[in-house]
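New to this one? Have a look at the sequence and the model first, and then we'll walk through its pockets and its cores.

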Amino acid sequence: HPLQSAADPEEAVRALPGSYFGVEAEEPLLGLLETLVSRLGGKPLRVPGEAKGLYHLAAALASNGVVAFFALAADLFDRAGIPPAESSQALLPLLRGTLENLERLGLPRALTGPISRGDHGTLLRHLDSLGREAPELIALYCLLGRRMVALACAKGSLDDDGACLMLRTLATAEKGGGPEAGREINAGGPEAGREIKEKACA
């Protein structure tokens, strides 16, 4: 199974050299398959038979999922009044830069953005925009936000207090409290932040 996108079959074939191929078999077939992959210019990746479902799910998220997320971003640009013809052209360099960061820096260092730098105010504005323009995306945003908090902590760019504040705000929004609750938290100053930390991170 080649780990390569195949939107255009001819282009996919040209992209096979250097790609990883999922391989699952017993010897001696396993050795033969790995030799075949090497002759195609690929790199064999052994996949345990019982984990093939998870393997394929991960591959689909890394490829098909990115296309779906890109479509969501383009849709939000459209709701913001940006012409559809310009959306992809504006977002593609951002996506390329992110992929380059992943290749060059790896996880978690490739993470950027408001959660990575502990920018609670921007998080609140994101939630406010979602509440008004795309409430159906709040749960997805919160799911991704929690993973970003974990990555930011691993990266060392977000301290414990900041992480707890972010997580509490995301949990409140996901439960229906919305950005208004987050703004109340922000207005409460350091005391509110400490209270949230004690409740969310006890």
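## Pockets and cores

Let's start with the largest pocket: α3 (52-79), α4 (84-105), α5 and α6 each give at least two residues to its lining. Keep in mind as you look around that this is a predicted model.

Which helix puts in the largest share of that lining? That would be α3, with 13 residues. The lining has 45 residues in total, and F69, L95, T98, L144 and M148 are the closest to the pocket's centre. By type, 31 of the lining residues are nonpolar, nine are polar and five are charged. As for the space inside, the largest pocket holds about 2600 Å³.

There's a second largest pocket to look at too, with about 270 Å³ of space. Its lining draws on H1, P2, L3, Q4, S5 and A6, along with H56, A59, A60, A62, S63 and N64. Here the split is six nonpolar and six polar, with no charged residues.

Here are the two pockets side by side:

| Pocket | Volume | Nonpolar lining residues | Polar lining residues | Charged lining residues |
|---|---|---|---|---|
| Largest | about 2600 Å³ | 31 residues | nine residues | five residues |
| Second largest | about 270 Å³ | six residues | six residues | no residues |

Now for the cores. The largest nonpolar core has 17 residues, and the members that touch the most others are L123, L127, L130, Y141, C142, V149 and L170. Three helices give two or more residues to this core: α5 (120-133), α6 (138-155) and α7 (160-174). Of these, α6 gives the most, with five residues.

If you'd like one residue to zoom in on, try L170. Leaving out residues up to four places away in sequence, L170 touches L123, Y141, C142, G145, R146 and V149. Apart from this core there's another one, made of six residues, including F21, A25, L30 and V37.

One last stop is H120, which sits in helix α5. Is H120 buried or exposed? H120 counts as buried because its relative accessibility is 7%, and the cut-off for buried is under 20%. What does the side chain of H120 make a polar contact with? The partner is the side chain of T169, at 2.7 Å.

How values were computed: Residues numbered from 1 in each chain as written. Predicted model: local features only at pLDDT ≥ 70, side-chain atom pairs only at ≥ 80, totals over all residues. Heavy atoms only, no water. Core = buried A, V, L, I, M, F, W, Y, C linked by side-chain atoms within 4.5 Å. Buried < 20%, exposed > 50% of the residue type's maximum accessible area, 1.4 Å probe, protein only. Helix = DSSP H or I, 4+ residues; strand = E, 2+ residues; numbered from the N terminus. Contact = heavy atoms within 4.5 Å. 1 Å grid on protein atoms, 1.4 Å probe; cavity = no way out; pocket = protein on both sides within 12 Å on 5 of 7 lines; lining within 4 Å. Points joined across faces, edges and corners; volume = space filled by probe spheres on them. Nonpolar A, V, L, I, M, F, W, Y, C, P; charged D, E, K, R; others polar. Polar contact = N/O pair within 3.5 Å; in protein donor to acceptor, adjacent residues only side chain to side chain.
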